[in-house]
Amino acid sequence: MSIIGWILVGLIAGIIAKLLMPGKDPGGIFITILIGIAGGLLGGWLGKVIFDVDSIDGFFEISTWVAAIVGSLILLACYRLVAGARHRH
């Protein structure tokens, strides 16, 4: 996929992750997009390492979206832990 494809997948995956994990986050939409893009890459990498599958097949493949959303959820949870701990101090 091209970089524009990754940005689109990341944007949508980040929004879906935010909808699946509602709550107050210190970041805005820009952070959500960045978490989504990085989550897509993380999800694709984890799919390759753990399941030995190519989970990033194409823009319209379900495996691409599942990998991106799962990766985004993982990163959003980590972001909340780090940002929440920093915000409390």
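Guide: Welcome! Helices here are DSSP runs of H or I with at least four residues, and strands are runs of E with at least two, numbered from the N terminus. The model you are looking at is predicted.

Visitor: Thanks! Which pattern does the protein follow, read along the sequence?
Guide: Start with the element count: the protein has 3 helices and 0 strands. Read along the sequence, these give the pattern α-α-α.

Visitor: What percentage of the residues count as buried?
Guide: A residue is called buried when its relative accessible area is under 20%. The protein has 89 residues, and the share of them that counts as buried is 31%.

Visitor: And the accessible surface, how much of it belongs to carbon and sulfur atoms?
Guide: The accessible surface of the protein comes to about 5700 Å². One nonpolar patch on the surface, of about 490 Å², is made by Trp45, Val49, Ile50 and Phe51; Val49 lies in helix α2. Over the whole accessible surface, the part belonging to carbon and sulfur atoms is 75%.

Visitor: Which helix supplies the largest share of the largest nonpolar core?
Guide: That core has 5 residues: Val9, Ala13, Trp65, Ala68 and Ile69. Helices α1 (3-20) and α3 each supply at least two of them. The largest share, 3 residues, comes from α3.

Visitor: Staying with Ile69, which residues does it touch, beyond those up to four places away in sequence?
Guide: Ile69 belongs to the largest nonpolar core, and so does Ala13. Once residues up to four places away are set aside, Ile69 touches Ala13, Ile16 and Leu20.

Visitor: Is Ser72 buried or exposed?
Guide: Ser72 sits in helix α3 (residues 62-88). Leaving aside neighbours within four places in sequence, Ser72 is in contact with Ala13, Gly14, Ala17, Ile35, Gly36, Gly39 and Gly40. Its relative accessibility is 0%, so Ser72 counts as buried.

Visitor: How far apart in space are Gly40 and Leu75, C-alpha to C-alpha?
Guide: Gly40 lies in helix α2 (residues 29-51), and because its relative accessibility is 0%, Gly40 counts as buried. In sequence, Gly40 and Leu75 are 35 residues apart. In space, their C-alpha atoms are separated by 9.8 Å.

Visitor: Which residues does Met21 touch, not counting those up to four places away in sequence?
Guide: Met21 lies in the loop between α1 and α2. Met21 and Leu73 are 52 residues apart in sequence, with 7.6 Å between their C-alpha atoms. The residues that Met21 touches are Leu73, Leu76, Ala77 and Arg80.

Visitor: Now the other loop residue, Phe59: what distance separates its C-alpha atom from that of Gly5?
Guide: Phe59 lies in the loop between α2 and α3. Its relative accessible area is 23%, which means that Phe59 is partly exposed. Along the chain, Phe59 and Gly5 are 54 residues apart. The separation of their C-alpha atoms is 6.7 Å.

Visitor: One last thing: among contacts between residues at least 6 apart in sequence, what percentage join residues at least 24 apart?
Guide: Met21 and Leu73, 52 residues apart in sequence, give an example of such a pair, since they touch and contact means heavy atoms within 4.5 Å. Among the protein's contacts between residues at least 6 apart, the share joining residues at least 24 apart is 73%.

Conventions. Residues are numbered from 1 along each chain as its sequence is written. This is a predicted model: local features need pLDDT of at least 70, side-chain atom pairs count only at pLDDT 80 or more; totals for chains, interfaces and linings use all residues. Side-chain values use heavy atoms; hydrogens and water are left out. Buried means under 20% relative accessible area, exposed over 50%, partly exposed in between (1.4 Å probe, protein chains only). Patches are made of residues with over 30% relative accessible area and no salt bridge: like charges are joined within 9 Å, nonpolar side chains (Val, Leu, Ile, Met, Phe, Trp, Tyr) within 5 Å. Accessible areas come from the Shrake-Rupley method with a 1.4 Å probe; for residues, only the protein chains shown count as cover. A salt bridge is a side-chain nitrogen of Lys or Arg within 4 Å of a carboxyl oxygen of Asp or Glu. A nonpolar core is a set of buried Ala, Val, Leu, Ile, Met, Phe, Trp, Tyr and Cys residues joined through side-chain atoms within 4.5 Å.
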